[in-house]
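The exercises below concern burial, packing and salt bridges in a single protein chain. Please work through each task before reading its solution.

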Amino acid sequence: MRHPSILPAVAAMATALVLTACGASPTATGTTDTNAKDAAAAKAQAVYDRINGLTGEERHKTLVELAEKEGKLSIYTSNTDMDSLVEGFENTYKIDVSVYRGNSESVLQRVLQEQQANYFGNDFIDTNAGELNIMNKEGFFYPYQGELREAVRKEGKAEGWTASRFNAFVVGWNTTKVKPGEEPKTIEDLADPKWKGQVSMEVGDVDWFAGLYSYFLQQGKSEAEVRDLFTRIAANSKIAKGHTTQGELLSAGQFGITVSSYSHTVDKAADKGAPVSWHPAAGGPVQPIIVRPNGVALMKTATSPAAAMLFIDWELTEGQKILAEAFRVGSIPGATDPFADLAVVPVPEQELLADPKKWDDLYAQILSAGQEVQ
């Protein structure tokens with residue numbers, strides 16, 4: 001996760017720059033009149049409050065009727081599985097969906113720019129926790145309530161937004177380089193000099209680092225002990241940029257172990273025949289597993305609020321099956337819970353939001369002990 005601490009400044013950009021850089025959305029309303037923003041918010045709120053107060057079949061029937069009357073939906077997302085979700089949604093409902101997809105930072109920047117310009121370009125957001133927390137702090141979201149939110153794991157019930165899936169950071173390995181029975185059993189094992197040059201860390205995993213750092217402190221380690229542990233792991237490591245690249249290098253055997261792969265990255269590669277795993281031949285995976293929610297939110301100024309709510313309902317029901325097919329960890333536990341009986345630690349999102357520079361600087365200092373991937 002890259003903490004976009006400088007991005008709020010872009011919200012001061014002029015309306016002309018917003019429309020030029022971002023382009024118009026089919027559902028957008030561009031205006032410099034702040035009264036229009038209040039009017040749009042009031043109109044959307046009336047729909048949100050009506051649906052939030054309903055349950056069961058009455059909720060679904062009313063929501064479908066209102067959403068299909070709107071007939072369109074604009075989504076901004078960093079979710080790489082969004083195409084499959086949209087396809088299923090459009091096949092079920094008479095609603096045309098437009099999607100802007102970028103990385104989480106560009107999604108945040110676009111929303112900040114448009115909201116500053118009173119330009120209502122999207123109805124719905126699907127992106128990472130850090131960026132969602134920033135947008136919620138800016139007051140861009142309206143609460144989503146109901147039985148489905150109540151079913152979400154407790155780590156995914158955030159203020160202003162709701163998790164639809166989790167990124168699980170796991171220790172993964174190449175099974176040709178790390179033989180059965182030789183897999184690491186703890187994070188501390190990776191500080192052993194025998195793993196010199198065989199470990200990889202990822203340059204942007206500040207959130208994983210903060211979660212594990214806090215966990216070790218809670219377990220009774222001192223600050224000095226925790227920093228020493230991470231420094232020794234980094235000294236054994238090749239530093240990669242990007243989980244996709246890191247996963248490809250792991251599959252190719254450029255290193256034997258990754259300390260913070262996404263579980264779905266390893267699982268997808270293994271499904272395609274790559275010699276990778278995060279499940280040892282015996283016993284459970286390395287724990288704790290750090291989890292970061294990715295989620296969905298309703299825009300306060302949505303021009304298609306019912307369609308936005310319907311999409312959240314869809315993503316938390318049928319969408320969970322689509323996400324599971326992509327090896328994602330859904331936010332609503334099913335019959336086969338991948339976190340069952342495992343030690344799970346959530347990323348300390350509010351701490352990262354409050355002081356991103358502290359964690360960015362500390363992680364960069366730790367990584368300086370490692371070797372950049374060539």
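Three exercises with worked solutions follow.

The structure is a predicted model, in which local features need pLDDT of at least 70 and side-chain atom pairs count only at pLDDT 80 or more, while totals for chains, interfaces and linings use all residues. Residues are numbered from 1 along each chain as its sequence is written, and side-chain values use heavy atoms, with hydrogens and water left out.

**Exercise 1. Helix H6**

Determine how many residues of helix H6 are buried, and state which elements they pack against.

Step 1. Helices are DSSP runs of H or I with at least four residues, strands are runs of E with at least two, and both are numbered from the N terminus. Helix H6 spans residues 129–137.

Step 2. Apply the burial criterion: buried means under 20% relative accessible area, exposed over 50%, and partly exposed in between (1.4 Å probe, protein chains only). Eight of the nine residues of H6 are buried. These are Ala-129, Gly-130, Glu-131, Leu-132, Asn-133, Ile-134, Met-135 and Asn-136.

Step 3. Search for contacts, meaning heavy atoms within 4.5 Å. The buried residues of H6 pack against two helices, H5 (104–116) and H14 (349–354), and against strands S3 (124–128), S4 (141–142) and S10 (289–299).

Step 4. Inspect what comes after the helix. H6 is followed by Gly-139, which has a positive phi near 85 degrees.

**Exercise 2. A salt bridge inside one helix**

Explain why Glu-114 and Arg-110 are about one helical turn apart, and establish whether each is buried or exposed.

Step 1. A salt bridge requires a side-chain nitrogen of Lys or Arg within 4 Å of a carboxyl oxygen of Asp or Glu. The count by this rule is 13. Glu-114 and Arg-110 form one such bridge, at 3.2 Å from N to O.

Step 2. The two residues are separated by about one helical turn because they lie four residues apart in helix H5.

Step 3. Glu-114 has a relative accessible area of 1% and is therefore buried. Arg-110, at 9%, is buried as well.

**Exercise 3. Salt bridges across the sequence**

Which elements are linked by the bridges of Arg-59 and Arg-292?

Step 1. The side chains of Arg-59 and Asp-313 meet at 3.1 Å, N to O. This pair links helix H3 (residues 56–70) with helix H12 (residues 305–315), across 254 residues.

Step 2. Arg-59 counts as buried at 6% relative accessibility, and Asp-313 counts as buried at 8%.

Step 3. In the bridge between Arg-292 and Asp-207, the closest N and O atoms are 2.7 Å apart. Arg-292 lies in strand S10 and Asp-207 in helix H8 (residues 206–218), so the bridge ties together parts 85 residues apart in sequence. Both Arg-292 and Asp-207 are buried.
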